[in-house]
Amino acid sequence: MTADRDFIPLSLCVLTVSDSRTLAEDSSGDYLVQSLTQAGHRLAERKLLPDDRYKLRAAVSQWIADETVDGILVTGGTGFTGRDSTPEALLPLLDKEMPGFGELFRAISYDEIGTSTLQSRAFAGLANATFLFCLPGSTSACRTAWEKIVGAQLDARTRPCNLATLRPRLKE
């Protein structure tokens, strides 16, 4: 990163998908909120919802319709169990997928958890000019995603390019 660009604070939402946790027990959501605010971004809203594709779709649809929201970080529901439905709920909302995110996340995760990374259906994309990142529910996976991919891409100072500086052009 270089200092020749100014930091652009973004307005971000955090959604935790869990049938078993409460906000008081949500270490993954806590990590994401702490990381984005420490980076200089604003928390627009935070929710915890059960793994119900229609509730997830409704909440995220509301955020992507809000022109003040720049991005959404979702943690949980990206695995293979019967209740994991984040991809099924949210992929239909995307205008454009970002296939490189899931591929890069799994490649980086391989060094941390080996072939278990195959069980992650992490993905990202763009919906109504709003960035959407869907991460596994573990705090360590959220840390990997934020520290090695998302944090830098949401920072306008990252060279040679980043997602933050694309914001004005997303609706062209």
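**Close-up views of a predicted model**

Phe133 is buried, with a relative accessible area of just 1%. This is a predicted model, and the views below start from that residue and work outwards.

**View 1. Phe101, Phe105 and Phe133 are linked by ring pairs into a cluster.**
The structure has 2 aromatic pairs. In one of them, the ring centres of Phe101 and Phe105 are 6.3 Å apart with the planes at 20°, so this pair is stacked. Phe101 and Phe105 sit 4 residues apart in helix H4 (residues 99–113), which puts about one helical turn between them. Both of these residues are buried. Then there's Phe101 with Phe133: here the centres are 5.4 Å apart and the planes are at 70°, so the pair is edge-to-face. Phe101 belongs to helix H4 and Phe133 to strand S6, so this contact ties together parts that are 32 residues apart in sequence. How buried is Phe101? Its relative accessible area is 3%, so Phe101 counts as buried, since the cut-off for that label is under 20%.

**View 2. Strand S5 (residues 123–127) is largely enclosed by the rest of the structure.**
Why call it enclosed? Because 5 of the 5 residues of S5 are buried. In a regular strand, side chains alternate between the two faces of the sheet. Here, Phe123, Gly125 and Ala127 point one way, Ala124 and Leu126 point the other way, and all of them are buried.

**View 3. S5 pairs with strand S4 (residues 96–97) and with strand S6 (residues 130–135).**
The S4 pairing is antiparallel and runs over 2 bridges. Look for Glu97, which stands opposite Gly125 of S5. The S6 pairing is antiparallel too, over 5 bridges. Which residue of S6 partners Ala124? The bridge partner is Phe133, the residue whose ring is edge-to-face with that of Phe101.

**View 4. S5 and S6 make a hairpin with 2 residues between them.**
Asn128 is in the loop between S5 and S6. Although Asn128 isn't a glycine, its phi is positive, at about 50°. Ala129 is in the loop between S5 and S6 as well, and its phi is also positive, near 65°, again in a residue other than glycine. Are these loop residues buried or exposed? Asn128 has a relative accessible area of 33%, so it is partly exposed. Ala129 comes in at 11% relative accessibility and therefore counts as buried.

**View 5. Asp70 and Arg167 meet in a salt bridge, 2.5 Å from N to O.**
This pair links distant parts of the chain, 97 residues apart. Asp70 is in the loop between helix H2 (53–65) and strand S3 (71–75), while Arg167 is in the segment after helix H5. Asp70 is buried, and so is Arg167.

**View 6. The segment after helix H5 (139–153) holds a cis peptide bond, at Pro160.**
The bond in question runs from Arg159 to Pro160, and its omega is near 10°. Asp155 is in the segment after H5 too. Side chains of opposite charge can pair when their charged atoms come close. The side chains of Asp155 and Arg157 do this, meeting in a salt bridge at 2.8 Å, N to O. What about burial for this pair? Asp155 has 6% relative accessibility, so it counts as buried. Arg157 has 27%, so it counts as partly exposed.

**View 7. More charged pairs: a network and an exposed pair.**
How many salt bridges are there in the model? The count comes to 10. A network of salt bridges links Arg21, Asp26, Asp30 and Arg46. Elsewhere, the side chains of Arg169 and Glu172 meet in a salt bridge at 3.5 Å, N to O. Both Arg169 and Glu172 are exposed.

**View 8. Two arginines sit over aromatic rings.**
Arg121 lies over the face of Phe80, 5.7 Å from the ring centre. In the other case, the charged end of Arg143 is over the ring of Tyr31, at 5.1 Å from its centre.

Notes:
Residues numbered from 1 in each chain as written. Predicted model: local features only at pLDDT ≥ 70, side-chain atom pairs only at ≥ 80, totals over all residues. Heavy atoms only, no water. Buried < 20%, exposed > 50% of the residue type's maximum accessible area, 1.4 Å probe, protein only. Pairing = 2+ DSSP bridges. Salt bridge = Lys/Arg side-chain N within 4 Å of Asp/Glu carboxyl O. Phe/Tyr/Trp six-rings, centres within 6.5 Å; stacked < 30°, edge-to-face > 60°. Lys NZ or Arg CZ within 6 Å of the ring centre and 35° of its normal.
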